[in-house]
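Colleague: I am new to reading protein models, and I would like to learn how to describe one step by step. Could we begin with what the words for surface exposure stand for?

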Amino acid sequence: MRPTGAMHLGHLFGALGNWVKLQDDYETFYMVADWHAMTTLYDKSSDMTMIKSSSNDMVADWISCGIDTSKSCVFRQSDIPAHSELFLILSMITPLGWLMRCPTYKEQLKEIKNHDLNTFGFLGYPVLQAADILLYKADCVPVGEDQLPHLEITREIARRFNHLYPGAGGKVFPEPKALLTNSPKLLGTDGRKMSKSYDNAVNLGDDEKTAAKKIARMITDPERIHKSDPGHPDVCSVFSYWKAVPGEKNKEIKSACKDASIGCVECKKRLAEEINSLLAPIKERRKKISGDEVNKALEEGAKKAGAAAAETLQSVRKSISI
Ligand code: SF4
């Protein structure tokens, strides 16, 4: 996860909630992708110091959301030099066409206008991501649908490397599979993509009033003009949040919306209550997490991740005979 500012509900419902579950069934590595943050925040208009402070804040948020650092290896990408070395090696064998065809590359070039993204680093982003995954010989990567093309490039790079340099003992890299997260895609409170730069997200650290105010402003079903009009929850952003909230209350809301027995103001008020009670224990835990605890978790993580990465890099160097 990129450390680019305050964490919000999109992170919680889209990734973190799932990460917490996975740590009981898998050996998990969760990485603060600070080199990746630099791909868009490198220029004079960016506050680079924010990457480091956000990294530590983000790890504290992960812990408060349930990431257990005794079960999961939590580490910072820039603490493990092997990421840059494997990135370099993999970039030698990755055809440019694979990167230029990547749909998220084209999409972001179009969308992000405040930074010049015509850089080698931005184009090579999926190669660095491949290095991040392959260094740990990951069998699975938890991703959303929109990340599938990136994972496909990682699989292709692994296949190409294995084909070009068959190690003495067979394939160096496994081809990682996607562990598709079943979470609904949440839009921002203004109906646009959820993003810090649009200030349209409910942050994990928002106080109750702020969260309720943001939810009260949310765009609803545009065809529902009067409270007596039956609503269409499936096209309503508010309802997508209801679906993300754990439990079955969304079923009740769905039918109440369809038969117009609940109005949008009441629906949003109830949603704010749900979200606030979900965030309350997270905020409580967050207050108790000290900077030392985060630093210690990252130090331990760097040791474990560093050892695993060094082992992989050794077999890579052996395979390429360098
Ligand atoms: Fe959306 Fe709720 Fe209004 Fe239905 S009642 S349109 S789900 S805000």
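Modeller: A residue is called buried when its relative accessible area is under 20%, exposed when that area is over 50%, and partly exposed in between. Please keep in mind that what you see here is a predicted model. Take P95 as a case: its relative accessible area is 23%, so P95 is partly exposed. The residue sits in the loop between α4 (82-93) and α5 (96-100), and its C-alpha atom is separated by 9.2 Å from that of I157, although the two are 62 residues apart along the chain.

Colleague: What share of the residues of the protein chain counts as buried?

Modeller: Of the 322 residues in the protein chain, 47% count as buried. The secondary structure of the chain comes to 14 helices and four strands.

Colleague: How does the radius of gyration of the protein chain relate to that of a compact globule?

Modeller: The idea is to set the value for the chain beside the one expected from its number of residues. A compact globule of 322 residues would have a radius of gyration near 20 Å, and the protein chain has 21 Å, which agrees. Taken along the principal axes, the box filled by the C-alpha atoms is roughly 75 × 45 × 40 Å.

Colleague: Which residues gather in a patch of positive charge on the surface?

Modeller: In such a patch, like charges are joined within 9 Å, and each residue has over 30% relative accessible area and no salt bridge. Here the patch of positive charge on the surface is formed by R101, K106, K110 and K113. To look at one of them, K113 lies in the loop between α6 (103-111) and α7 (120-123), and with a relative accessible area of 64% K113 is exposed.

Colleague: Why would a positive phi catch a reader's attention?

Modeller: It stands out because most residues other than glycine have a negative phi. In this model, A260 has a phi near 60°, a positive value although the residue is not glycine, and S321, which is not a glycine either, has a positive phi of about 60°.

Colleague: Where is A260 found, and is A260 buried or exposed?

Modeller: A260 belongs to the loop between α12 (249-258) and α13 (264-288), and its relative accessibility is 18%, so A260 counts as buried. S321, by contrast, is found in the segment after α14 (291-320), and at 65% relative accessibility S321 counts as exposed.

Definitions and conventions
Residues numbered from 1 in each chain as written. Predicted model: local features only at pLDDT ≥ 70, side-chain atom pairs only at ≥ 80, totals over all residues. Heavy atoms only, no water. Patch = residues over 30% accessible without salt bridge, like charges linked within 9 Å, V, L, I, M, F, W, Y side chains within 5 Å. Areas by Shrake-Rupley, 256 points an atom, 1.4 Å probe, with all protein chains shown as cover. Salt bridge = Lys/Arg side-chain N within 4 Å of Asp/Glu carboxyl O. Lys, Arg positive; Asp, Glu negative; His and termini not counted. Charge placed at Lys NZ, Arg CZ, Asp CG, Glu CD. Helix = DSSP H or I, 4+ residues; strand = E, 2+ residues; numbered from the N terminus. Buried < 20%, exposed > 50% of the residue type's maximum accessible area, 1.4 Å probe, protein only. Rg over C-alpha atoms; globule rule 2.2 N^0.38 Å.
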